Amino acid sequence: MYGVSSATARPGLPGPVRLVRAGLGGPLLHPIALMNRNVGVFGVHLGRMWQDTEKTLGWAARLLTGVAEGWVRPHVDRVFPLEQAAAAHAYLEARRNLGKVVLVP
């Protein structure tokens, strides 16, 4: 799971209950099915990594290298002109994006 902000960003139910609800709403990942497709799943909780700056910076450097070399290609869902920053923010808040939302000058 990446960016489980829906479990923490909304009022109402307590955070742990929202987190369980978000987890149950995701896809079921059966280990045999994953192995048959030669894919895997791993998790990182960056909120627990604040004290491990060296590791986090190393990961960031590796990702930026991947972007520069072209083997990391983030999916851009939508591009907004800077003048439409409020609309871009509303688009994000409505959780309509399935990738990055980019502002351009």
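Begin by selecting Lys55 and Asp52, whose side chains meet in a salt bridge with an N to O distance of 3.9 Å. The model is a predicted one, and the count of salt bridges in it comes to one. Colour the two partners by accessibility. Lys55 has a relative accessible area of 40% and is partly exposed, because that value falls between the limits of 20% and 50%. Asp52, at 31% relative accessibility, also counts as partly exposed.

**The whole chain**

Next, switch to a cartoon view of the protein chain. Its secondary structure comprises four helices and two strands. Followed along the sequence, these elements are arranged in the pattern α-α-α-β-α-β. The chain has 105 residues, and buried residues make up 8% of them.

**Helix α2 and the loop after it**

Select Pro31, which is found in helix α2. With a relative accessible area of 51%, Pro31 is exposed, because the value is over 50%. Then add Val41, which is 10 residues from Pro31 along the chain. A distance label between the C-alpha atoms of Pro31 and Val41 should read 9.4 Å.

Move to Asn38, in the loop between α2 (31-36) and α3. What is the sign of phi at Asn38? The value is positive, near 55°, in a residue other than glycine. For context, most residues other than glycine have a negative phi. Asn38 counts as exposed, at 72% relative accessibility.

**Helix α3**

Now select residues 53-69, which form helix α3. Does the span of this helix agree or disagree with the value expected from its 17 residues? At 1.5 Å a residue, helix α3 should span 24 Å, and its end C-alpha atoms are 24 Å apart, so the two values agree. Step past the end of the helix to Gly70, which follows α3 and has a positive phi near 90°.

Return to helix α3 and select Trp59, which lies within it. At a relative accessible area of 37%, Trp59 is partly exposed. Keep Trp59 selected and add Phe42, Val44 and Leu46: together the four residues form a nonpolar patch on the surface. A surface representation is useful here, as the accessible area of the patch is about 450 Å² in total.

**Arg78 and Tyr91**

Show the side chains of Arg78 and Tyr91. Where does the charged end of Arg78 sit? It sits over the ring of Tyr91, 5.0 Å from the centre of that ring. As for contacts between rings, a search of the whole structure finds one aromatic pair.

**The loop before strand β2**

The last stop is Arg95, placed in the loop between α4 (85-93) and β2 (100-104). Arg95 is not a glycine, yet its phi is positive, at about 55°. Is Arg95 buried or partly exposed? Its relative accessibility is 36%, so Arg95 counts as partly exposed.

**Selections to keep**

Three selections are worth saving for later reference:

- Lys55 with Asp52, for the salt bridge.
- Phe42, Val44, Leu46 and Trp59, for the nonpolar patch on the surface.
- Arg78 with Tyr91, for the charged end over the ring.

Methods: Residues numbered from 1 in each chain as written. Predicted model: local features only at pLDDT ≥ 70, side-chain atom pairs only at ≥ 80, totals over all residues. Heavy atoms only, no water. Phe/Tyr/Trp six-rings, centres within 6.5 Å; stacked < 30°, edge-to-face > 60°. Lys NZ or Arg CZ within 6 Å of the ring centre and 35° of its normal. Expected span 1.5 Å × (residues − 1). Patch = residues over 30% accessible without salt bridge, like charges linked within 9 Å, V, L, I, M, F, W, Y side chains within 5 Å. Areas by Shrake-Rupley, 256 points an atom, 1.4 Å probe, with all protein chains shown as cover. Buried < 20%, exposed > 50% of the residue type's maximum accessible area, 1.4 Å probe, protein only.
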